[in-house]
Amino acid sequence: MRKGKKRASGIAGDAFLSAQLADPKVRHHFEQRRLVHEVAIAVRSTRMGAGLTQAQLAKRIGTSQPTIARLEKGLDVRTPRWDTLQRIARALGRQLKLKFAASSGDHDFVEVEQPVRPRYRNRRRIAALTAT
């Protein structure tokens, strides 16, 4: 008869993270990395939503494609500069906003609004206008 192997018990991730975040220094670094990560995701998704490549975006804001790639991967230790993010927003036809919100726990630092598409009542009329 086959003996059952002992399974290694893992570390409870949430409990471990909570314990680590109790240290103010660890929490500060964790939040900095999280912010960089969320900015990276926001820039990438907005760029892709606009249908641009990294090279096209870089050309529009006067930088290099590797710079955009690093920003989108979150590889830089520092949070991207405000003026860089403003240039990216303008190049993507968006507006960058800074918002001081009430602390509500462990929510995202970065929010990306989805573009509002106009709703038309008479779709046939719009289709006829665009077909001409």
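**Close-up views of a six-helix chain**

**View 1. Helix H3 against helix H5.** The axes of H3 and H5 come within 9 Å and cross at roughly 110°; axes are lines fitted to C-alpha atoms, for helices over the stretch in contact, and angles run from 0 to 180 degrees between N-to-C directions. H3 is therefore roughly perpendicular to H5, where angles of 65 to 115 degrees count as roughly perpendicular, under 35 as roughly parallel, over 145 as roughly antiparallel and the rest as oblique. The crossing of H3 past H5 is right-handed (the near helix is turned clockwise from the far one by less than a right angle; anticlockwise would be left-handed). Leu57, Arg60 and Ile61 of H3 make the contact with Arg87, Ile88 and Ala91 of H5, contact meaning heavy atoms within 4.5 Å. By class, four residues of this contact are nonpolar, none is polar and two are charged. Ala, Val, Leu, Ile, Met, Phe, Trp, Tyr, Cys and Pro count as nonpolar, Asp, Glu, Lys and Arg as charged, and the others, Gly among them, as polar.

The model is predicted: local features need pLDDT of at least 70 and side-chain atom pairs count only at pLDDT 80 or more, while totals for chains, interfaces and linings use all residues. Residues are numbered from 1 along each chain as its sequence is written, and side-chain values use heavy atoms, with hydrogens and water left out.

**View 2. The chain as a whole.** The chain has six helices and zero strands, in the order α-α-α-α-α-α from the N terminus. Helices (H or I, at least four residues) and strands (E, at least two) are DSSP runs, numbered from the N terminus. Of the 132 residues in the chain, 20% are buried; buried means under 20% relative accessible area, exposed over 50% and partly exposed in between, with a 1.4 Å probe and protein chains only. Among contacts with a separation of 6 or more, 58% join residues 24 or more positions apart.

**View 3. The largest nonpolar core.** Twelve residues form this core: Val39, Val43, Leu52, Leu57, Ala58, Ile61, Ile68, Leu71, Leu85, Ile88, Ala91 and Leu92. Two or more of them come from each of helix H2 (24-49), helix H3 (54-61), helix H4 (65-73) and helix H5 (82-91). A nonpolar core is a set of buried Ala, Val, Leu, Ile, Met, Phe, Trp, Tyr and Cys residues joined through side-chain atoms within 4.5 Å. Leaving aside neighbours within four places in sequence, isoleucine 88 is in contact with Val43, Leu57, Ile61 and Leu71.

**View 4. Helix H2 against helix H4.** The H2 and H4 axes come within 6 Å, crossing at roughly 125°. The two helices are therefore oblique to each other. On the H2 side the contact is made by Ala40, Val43, Arg44 and Arg47, and on the H4 side by Leu71, Glu72 and Lys73. These residues divide into three nonpolar, no polar and four charged.

**View 5. Arginine 47 in helix H2.** Arginine 47 has a relative accessible area of 7% and is therefore buried. Not counting residues up to four places away in sequence, arginine 47 touches Leu52, Thr53, Gln54, Leu57, Glu72 and Leu92. Of these, Glu72 is one of the H4 residues in the contact with H2, and Leu57 is one of the H3 residues in the contact with H5.

**View 6. Helix H1 against helix H2, with valine 26.** Helix H1 (residues 13-21) and H2 have axes that come within 7 Å and cross at roughly 110°, so H1 and H2 are roughly perpendicular to each other. Leu17, Gln20 and Leu21 in H1 meet Val26, Arg27 and Phe30 in H2. By class the contact has four nonpolar residues, one polar and one charged. Valine 26, in helix H2, is partly exposed at a relative accessible area of 29%. Beyond residues up to four places away in sequence, valine 26 touches Gln20 and Leu21.

**View 7. Two residues in the loop between H5 and helix H6 (123-131).** Arginine 94 lies in this loop and counts as partly exposed at 29% relative accessibility. Its C-alpha is 10.0 Å from that of alanine 50, with the two positions 44 residues apart in sequence numbering. Glutamate 113 lies in the loop between H5 and H6 as well, and at 58% relative accessibility glutamate 113 counts as exposed. Glutamate 113 and glutamine 95 are 18 residues apart in sequence and 10.0 Å apart in space, C-alpha to C-alpha.
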